[in-house]
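Welcome! Let's take a walk through this structure together, one stop at a time.

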Amino acid sequence: MVIAIRSLQFASHGTLDQHGFARNRFWAVDEDPPPFPTNTLNKAFVDLILKPSEEDTKIWPHSFEYRLRIALGPGGDLMLTSRIRNTNSDGKPFSFTFAYHTYFSVSDISEVRVEGLETLDYLDNLQNKERFTEQGDALTFESEVDKIYLSTPTKIAIIDHEKKRTFVLRKDGLPDAVVWNPWDKKAKAMADFGDDEYKHMLCVEAAAVEKAVTLKPGEEWKGRLELSAVPSSYCSGQLDPQRVLQGS
Ligand SMILES: O=P(O)(O)OC[C@H]1O[C@@H](O)[C@H](O)[C@@H](O)[C@@H]1O
């Protein structure tokens, strides 16, 4: 799995370059981070801090502090908590969009199902961000996809039949979910992506894209994503959604 933080902006949903600037900056490790509110003993964590450089304020004229807490649970669960605070001293609010750009490794994209997004509205990046409604079935993949699902539930499951493994995403503060696979043609056109790699990956991204987050000075936003891999409850063609969503 590969994770990139796409902030302060998402893809072309803003005025900055694709995916904004937070994802290709150097972050500082906070050597003395605030403690975990609960279960501290069960988690290893690191806090990374990003503050704008002078160069950054030329392209985005705001002051902020972005604290990313990366925590690992005893069972291998990964928790990512982003806190973004407006530290402007000029009294000005700012707005941003956000996504955890999570690439999941799958056995075969044609065999994968995503549950939790059926019947929802989405904006289709491949059709000028037009709004459509998803059908009632779990998502399956047979061509390029680049969609932003809106008002999504807090849990989404990626079910990999072949590996008998399910990735469970639990999110908070992130209403949208991006689903992306470039498929063959676009994969060939991407310099940093192998021609056949699209067969073994799927991006499902916890995001806040449709409605930008706005913060006044002193205000803080929090967006949380928890990822776990559990043995699939898929068995003899039958899926028990209750078990998948409970992550058991
Ligand atoms: O910059 P990256 O990591 O190649 O991202 C690629 C894709 O990321 C997806 O999240 C976007 O919805 C796509 O539009 C975009 O092409």
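A good place to begin is Val204, which touches Thr102, Phe104, Val114, Ile156, Ile158, Leu169, Val178 and Val179, leaving aside residues up to four places away in sequence. Keep in mind as you look that this is a predicted model.

Several of those names come back when we turn to the nonpolar cores. The largest nonpolar core has 50 residues, and Val204 is listed among those with the most contacts inside it, together with Val114, Leu117, Phe141, Ile158, Val179 and Leu202. Strand 14, which covers residues 201-215, supplies the largest share of this core, with 8 residues. Another core, of 7 residues, lies apart from it; its members include Ala99, Ile148, Leu150 and Ala207.

Next, follow the strands. An open sheet is formed by 8 strands in the order 2-3-4-5-15-12-11-7, with antiparallel pairing. At its edges are strand 2 (28-29) and strand 7 (112-115), each of which pairs on one side only. For strand 7, the antiparallel neighbour is strand 11 (residues 155-160), and 4 bridges join the two. You can pick out a bridge here by finding Arg113, whose partner in strand 11 is Ile159.

Our last stop is Trp60, in the loop that connects helix 1 (54-59) with strand 4 (64-72). Is Trp60 buried or exposed? Its relative accessible area is 9%, and buried means under 20%, so Trp60 counts as buried. Now look for Phe21: Trp60 and Phe21 are 39 residues apart along the chain, while their C-alpha atoms are separated by 9.4 Å.

Conventions
Residues numbered from 1 in each chain as written. Predicted model: local features only at pLDDT ≥ 70, side-chain atom pairs only at ≥ 80, totals over all residues. Heavy atoms only, no water. Buried < 20%, exposed > 50% of the residue type's maximum accessible area, 1.4 Å probe, protein only. Pairing = 2+ DSSP bridges. Core = buried A, V, L, I, M, F, W, Y, C linked by side-chain atoms within 4.5 Å. Contact = heavy atoms within 4.5 Å.
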